[in-house]
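Reader: I have a model open here and would like to talk it through with you. Could you take my questions as they come?

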Amino acid sequence: MIGIVGYGAYLPRYRIKAEVIAQQWGMDPEAIKRGLQLLEKTVPGQDEDTITISVAAAKDALKRAQIDPKEIGAVYIGSESHPYAVKPSGTILIDALGIGPYVHVASYEFACKAGTEAMYVSYSHVKSGEMKYAMGIGADTSQGAPGDALEYSASAGGAAFIMGMERVVAEILFTNSYTSDTPDFWRREGENYPRHGGRFTGDPAYFKHIVGAGTALLEKSKMSPGDFKYAVFHMPNGKFPQEAGKRLGFTKEQMEVGWIVPWMGNTYSGSSPTGLAAILDVAKPGDLIFMVSFGSGAGSDGFIFRVTDEITKVQDRGVKVREMLDHHKIHLNYGEYAKYRRKIKLNE
Amino acid sequence: MRDVVVIGAGMTKFGELWSKSIKDIFVEAALSAIEDAGVDHIDSMYVGAMSPGLFVGQEHLGAVMADYLGVTPIPATHVESACASGGVAFRQAFLEVASGASEIVLAGGVEKMTDGADVTDTLATAADQEYEVYQGITFPGLYAMIAQAHMHQYGTTREQLAAVAVKNHRNGSKNPNAQFRSEISAEQVMSSTMVADPLRLLDCSPVSDGAAAVIVASMDVARKLRKNAIRVLASAQASDTIALHGRKSITTLGSVVSAAKKAYKAADLQPKDVDLAEVHDCFTIAEIVVSEDLGFFEKGKGGEAAASGKTSIECKIIPLNTSGGLKSKGHPVGATGIAQIIELFEQLNGKAGARQVADAHIGMAQNMGGSGASCVIHILEGK
Amino acid sequence: MITARYHREIPQRYRLEAGKCSGCGEVNFPPRVVCPKCKGKKFETVRLNNEGTLLTYTVVRVGSDKFSKETPFPVGIIELNDGVRITAQIADADPEDLKIGQKVKLVFRRIQEDGKSGILCYGYKAVTV
């Protein structure tokens, strides 16, 4: 049996409400909230970044897995906001957690699905018998251009998954991927903010790949939507994942626990991974979970998990996602948010 | 060791001395001291300065000043112990004469802080760079943490801290060399800008330029010159952990206790025998804690003593910082320790004018580096 | 450029590695060459407990250049549960809510940067529990 042996998630405490951003740009707050199905998003503190978020999530993953960090053979962090353009985020993380030095480390990039890429590769290393444990992390502190639609959703957070063969809490039954060259959302080297193709990001990009991967995954596994207790998809806003789920044949009830975007925003590479963590926090032995991520450019990674008896032993060993979404929040005004996100030109 | 005396003193005004360089101010103070002492030569010199390299890009200050004072080839040494640089420079001069190695030694101190360097960063080099400063703490922050702990443990109040600043400004208003010569009120102190809770702007000594120098000599030289010699009864120095978090207690300055013990023993005196003291009030809380650790007041009662006037010139229990202290006189870091000696020299010679403490016979100077990692104490005796 | 100076302190700043004197058991953080208590020179590496109590604190409102955009921020001296004391910022905290005796735990955060193009410097900060 191969799958997740430990998982953890981390969300910063800071928030900004959608209506505060709307008021800043003279938009109608209610229309924005209705249209995007977003209430507020997480904002990283001035001392937080993809690396610190990954470390916090990975710490909880280690707490849940209760393994010797030195037995981890690979650590991959997927993000579109790695703090360095050249220097992997993972080296700082392994030294912080006492992993290595005999460990593979690399940074992954594929817009919002870099996290699931990291998870997939970690799983593959264990599946091939190459190593006992491997960790895949998806984390981001994504930037939304001021005044752009994406400013309401671009948020910060991440989740970490340790893959292994012993005391597996969620077995990975099937995986797949669906990729094609699609110019829906990109950022050129040196640019501060990404650009996107407006409505082109919908059907030709997000839906094509999620539905493409999802359909193929159902076929590969010979399962149907009704078999699953939970479903989670990449969440760029509140509406898209609900529509994607619907197109694939999933119900709102199946998606409810993992649909955390209205309170979290879009944590990009952390999006579906954190949704998965939220599900694992409450899942019961035997539950089947269907997950499809999406990364612009574009591609989708699909996973089918089956929760095992081991899950109940680990859930309480770390912080739960719902706890972080609902409590200890610090709300910011737009000025504070702009300062924290370094959107203000300083005299440097 | 033989007897050592101070026979002359000179200093610049302390303040923002835009038109004068570090060399200008040191030479001004040194020449003034040499003239006051009436000596026609000096055998050696010590220059106390905390960070001329960071402030003005100039190290090797001993050589620089010997050159500009025109006294090469005498030995000249730069002495550094953060804010205690001046006091330690004085101690070196004392030891050189006491040992018999020299007859006449100049002990000077200087700092030029207004030439554009990042003062906060530079002063922070007196703390633990990797485990205090790295974390974002500043000097006011370190003393603020001492203040919070002292207030928590002993009930010291915000008003008591203000009383120290008010008293020092009152004294400083009578000091022609002081940077700030205006009196301030407790209300002004307590409504000034918060720097690091609970310390406000007027709890903190200022950024200053200035230099001070004294001539230290043997008794023989003093007699020959028939000078108003003030004897150095004791010279003591102590060290403690660099980081505040490494101390045995956050509310007691171990280096002060240690140096004071040695100084009292050497002079065969007790705290009650001291008639006045110049203490290191880099922040108001420092004066309060030091007044306890020098044994003038019971531990924890320093604030109450300050607020009830026990440290004022008029009260005569133990006038502290008759010069105005670092707060009002100014704190050109390296010069401070020497300026303290100069105040004692004037007081013990009966030349302190409006600041004069009646019957001043025994004076103490306490100079401290960083958050108390080094401390140097001198006890001087008048005629 | 502080690359080497930074790199040397990584075990301490990332993993709280300290030196426990083999002679008297005194724990030194950061590790030292000579034990200040018994002058011993043999040590074993231990990791500090990451929970503790706030002994004292302040709120820095005027910071040095590097930290000037982050003020006001609280900094405190924390006594960790194994008796070792450290200085650290208290993150995500409202200064009004802090008090001496507060329980805290250490988390991994970005402490500073060596300018716009220099290295990023990480380490520990405290958060209230």
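Reader: At what angle do helix H7 and helix H11 of chain B pack?

Author: In this predicted model, helix H7 (residues 158-172) and helix H11 (residues 284-293) of chain B pack at an angle of about 95°, and their axes are 8 Å apart. Angles of 65 to 115 degrees count as roughly perpendicular, and H7(B) and H11(B) are therefore roughly perpendicular to each other.

Reader: Which residues in H7(B) and H11(B) meet?

Author: From H7(B) there are B:Gln160, B:Leu161, B:Val164 and B:Ala165, and they meet B:Thr284, B:Ile285, B:Glu287 and B:Ile288 of H11(B). By type, the residues of this contact of H7(B) with H11(B) divide into five nonpolar, two polar and one charged.

Reader: Zooming out a bit, into which domains is chain B divided?

Author: Domain 1 of chain B takes in 4-118 + 207-230, while domain 2 is made of 135-204 + 235-327 + 351-381. The C-alpha centres of these two domains of chain B lie 24 Å apart, and their contact takes 17 residues from domain 1 and 18 residues from domain 2.

Reader: Which elements give two or more residues to the domain 1 side of that contact in chain B?

Author: Those elements are strand E1 (4-11) and helix H4 (85-98) of chain B. On that side of domain 1, H4(B) gives the most, with six residues, and the residues of the side divide into 10 nonpolar, five polar and two charged.

Reader: What about the largest nonpolar core, which residues touch the most other members?

Author: That core has 279 residues, and the ones touching the most other members are B:Val6, B:Val214 and B:Ile215. If one leaves aside neighbours within four places in sequence, the contacts of B:Ile215 include B:Val6, B:Ile7 and B:Gly8, as well as B:Ala33, B:Ile34, B:Ala37 and B:Val39, and also B:Ile104 and B:Leu106.

Reader: Switching to the assembly, which pair of chains shares the most contacts?

Author: Two pairs of chains are in contact, and of these chains B and C share the most contacts. Chain A and chain B are joined by no contact, and their closest C-alpha atoms lie 12 Å apart.

Reader: How many residues does the contact take from chain B and from chain C?

Author: The contact takes 26 residues from chain B and 26 residues from chain C. On the chain B side, the elements that give two or more residues are helix H5 (119-123), helix H6 (139-154) and strand E5 (194-196), and H6(B) gives the most, with six residues. The residues of that side of chain B divide into 13 nonpolar, eight polar and five charged.

Reader: And the contact of chain A with chain C, how many residues does it take from each?

Author: There, 16 residues come from chain A and 15 residues from chain C. Helix H3 (50-65) and helix H4 (89-97) of chain A each supply at least two residues of the chain A side, and the residues of that side divide into six nonpolar, four polar and six charged.

Reader: Is H4(A) largely enclosed or largely open, and why?

Author: Seven of the nine residues of H4(A) are buried, so the helix is largely enclosed by the rest of the structure. The buried ones are A:Ser89, A:Gly90, A:Ile92, A:Leu93, A:Ile94, A:Ala96 and A:Leu97.

Reader: What covers the buried residues of H4(A)?

Author: The cover includes elements of chain A, namely H3, strand E4 (72-78) and strand E5 (104-108), together with H2, strand E7 (103-113) and strand E8 (120-128) of chain C. Just after H4(A) comes A:Gly98, whose phi is positive, near 75°.

Reader: Since chain C keeps coming up, how many helices and strands does it have?

Author: Chain C has two helices and eight strands, and read along the sequence its pattern is α-α-β-β-β-β-β-β-β-β. The C-alpha atoms of chain C fill a box of roughly 45 × 40 × 20 Å along the principal axes, and 40% of the 129 residues of the chain count as buried.

Reader: Into which domains is chain C divided, and how many residues are in contact there?

Author: Chain C is divided into domain 1 (1-48) and domain 2 (49-129), with 20 Å separating their centres, taken over C-alpha atoms. In chain C, 11 residues of domain 1 are in contact with 13 residues of domain 2. Helix H1 (3-8) and helix H2 (10-15) of chain C are the elements that give two or more residues to the domain 1 side, whose residues divide into nine nonpolar, one polar and one charged.

Technical notes:
Residues are numbered from 1 along each chain as its sequence is written. Chains are lettered from A and ligands numbered from 1 in the order in which they are written. This is a predicted model: local features need pLDDT of at least 70, side-chain atom pairs count only at pLDDT 80 or more; totals for chains, interfaces and linings use all residues. Domain bounds come from an automatic or database domain assignment. Two residues are in contact if their C-beta atoms, placed from the backbone, lie within 7 Å. Helices (H or I, at least four residues) and strands (E, at least two) are DSSP runs, numbered from the N terminus. Ala, Val, Leu, Ile, Met, Phe, Trp, Tyr, Cys and Pro count as nonpolar, Asp, Glu, Lys and Arg as charged, and the others, Gly among them, as polar. Axes are lines fitted to C-alpha atoms, for helices over the stretch in contact, and angles run from 0 to 180 degrees between N-to-C directions. Angles under 35 degrees count as roughly parallel, over 145 as roughly antiparallel, 65 to 115 as roughly perpendicular and the rest as oblique. A nonpolar core is a set of buried Ala, Val, Leu, Ile, Met, Phe, Trp, Tyr and Cys residues joined through C-beta atoms within 7 Å. A residue is buried if 20 or more other C-beta atoms lie within 10 Å of its own, exposed if 12 or fewer, and partly exposed in between; C-beta atoms are placed from the backbone.
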